[in-house]
Amino acid sequence: MVASQGFHVLAVDDSFVDRTVIERLLKISAYRVTTVDSGTRALQLLGLDGQNDAPCYEAMEINMIITDYSMPGMTGYELLKKIKESSTLREIPVVIMSSENVMARIDRCLEEGAEDFLLKPVKLSDVKRLESYLNKGVKEEEEIGVHPVISASMGIENLESVQLS
């Protein structure tokens with residue numbers, strides 16, 4: 001199993017509580033995490049907002065994006081579409097989260113290129129499942145000659161879920 005320590009995840013959620021929960025679960029699993037509160041901020045961070053002063057995505061080394069579906073201004077689905085339309089970012093795995101189990105929404109996100117659709121509250125077992133999408137990206141990078149940084153994983157198995165109040 002490939003360790004998650006070198007992987008950097010961008011977590012996008014307008015809810016401070018949900019953003020904190022996903023950040024903690026990712027950090028428990030030894031991911032590096034950057035959080036933002038909107039799809040617009042995520043696009044700025046990724047350099048997709050058309051501004052020249054935006055941070056360079058390559059410099060940030062984002063390996064995965066996990067985003068809430070329902071956010072004001074720009075939904076997670078709209079963010080997903082913008083990422084998948086980008087020639088430089090389309091290979092980054094995107095995972096959508098939602099507290100609403102709406103099959104048409106789930107299907108639409110998966111058809112647009114989302115790797116997975118997680119129902120909230122997100123549990124540690126959900127986060128552990130994300131590693132397979134990162135490993136898929138590593139295999140693709142190795143095939144084209146890019147060698148990602150990989151280091152030892154932390155084996156914390158006790159936290160099953162963090163419930164939101």
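The paragraphs below walk through a predicted model, from its overall make-up to a few individual residues.

The protein contains six helices and five strands. Read from the N terminus, these elements follow the order β-α-β-α-α-β-α-β-α-β-α. Of the 165 residues in the protein, 45% are buried. Contacts also span the chain: among those between residues at least 6 apart in sequence, 67% join residues at least 24 apart.

A good place to begin is the sheet. Its five strands are arranged in the order β2-β1-β3-β4-β5, forming an open sheet with parallel pairing. Strands β2 (32–36) and β5 (116–119) are found at the edges, each pairing on one side only. On average, neighbouring strands in this sheet are turned by 20° against each other, with direction ignored. In general, the strands of a sheet are paired through backbone hydrogen bonds, in either a parallel or an antiparallel way.

Strand β3 (64–68) offers a helpful view of the interior. Five of the five residues of β3 are buried, so the rest of the structure largely encloses this strand. Met64, Ile66 and Asp68 point one way from β3, while Ile65 and Thr67 point the other way, and all are buried. Towards β1, strand β3 pairs in the parallel sense over four bridges, and here Ala11 stands opposite Ile66 of β3. Towards β4, strand β3 again pairs in the parallel sense over four bridges, with Asp68 opposite Met97 of β4. Moving on across the sheet, β4 (residues 94–98) runs parallel to β5 and is joined to this strand by four bridges. Within that pairing, Ile96 is found opposite Phe117 of β5.

Helices pack against this sheet. Helix α4 (residues 76–85) touches β1, β3 and β4, and its direction makes about 175° with that of β4. Helix α2 (residues 39–46) lies across β1 (8–12), β2 and β3, running at about 150° to β1. Which residues of α2 are buried? They are Gly39, Ala42, Leu43, Leu45 and Leu46. Viewed down the axis of α2, these buried residues fall within an arc of 160°, so they line one face of the helix. A general feature of helices is worth recalling here: an α-helix has 3.6 residues a turn, so residues three or four places apart point the same way. Just after α2 comes Gly47, which takes a positive phi of about 80°.

Helix α4 also has a helical partner. Together, α4 and α5 (residues 103–112) pack at an angle of about 10°, and their axes are 10 Å apart. Angles under 35 degrees count as roughly parallel, and α4 and α5 are therefore roughly parallel to each other. At their contact, Tyr77, Leu80, Lys81 and Lys84 of α4 meet Arg108, Cys109 and Glu112 of α5.

Three single residues round out the picture. Thr20 belongs to helix α1 (residues 16–28). Is Thr20 buried or exposed? With a relative accessibility of 17%, Thr20 counts as buried, since the cut-off for burial is under 20%. Its side chain reaches the backbone oxygen of Phe16 at 2.8 Å.

Asp14 sits in the loop between β1 and α1. At 34% relative accessibility, Asp14 counts as partly exposed. Leaving aside residues up to four places away in sequence, Asp14 touches Arg19, Asp37, Asp68, Ser70, Met71 and Pro72. One of these, Asp68, lies 54 residues from Asp14 along the chain, and the C-alpha atoms of the two are separated by 7.7 Å.

Leu118 has its place in the edge strand β5. At 2% relative accessibility, Leu118 counts as buried. Beyond residues up to four places away in sequence, Leu118 touches Ile66, Val95, Ile96, Met97, Ser98, Asp126, Arg129 and Leu130. Asp68 appears once more here: this residue is 50 residues from Leu118 along the chain, with 9.3 Å between their C-alpha atoms.

Methods:
Residues numbered from 1 in each chain as written. Predicted model: local features only at pLDDT ≥ 70, side-chain atom pairs only at ≥ 80, totals over all residues. Heavy atoms only, no water. Pairing = 2+ DSSP bridges. Helix = DSSP H or I, 4+ residues; strand = E, 2+ residues; numbered from the N terminus. Axes fitted to C-alpha atoms, helices over the stretch in contact; angles between N-to-C directions. Contact = heavy atoms within 4.5 Å. Buried < 20%, exposed > 50% of the residue type's maximum accessible area, 1.4 Å probe, protein only. Arc of directions from axis to C-beta. Polar contact = N/O pair within 3.5 Å; in protein donor to acceptor, adjacent residues only side chain to side chain. Parallel < 35°, antiparallel > 145°, perpendicular 65-115°, else oblique.
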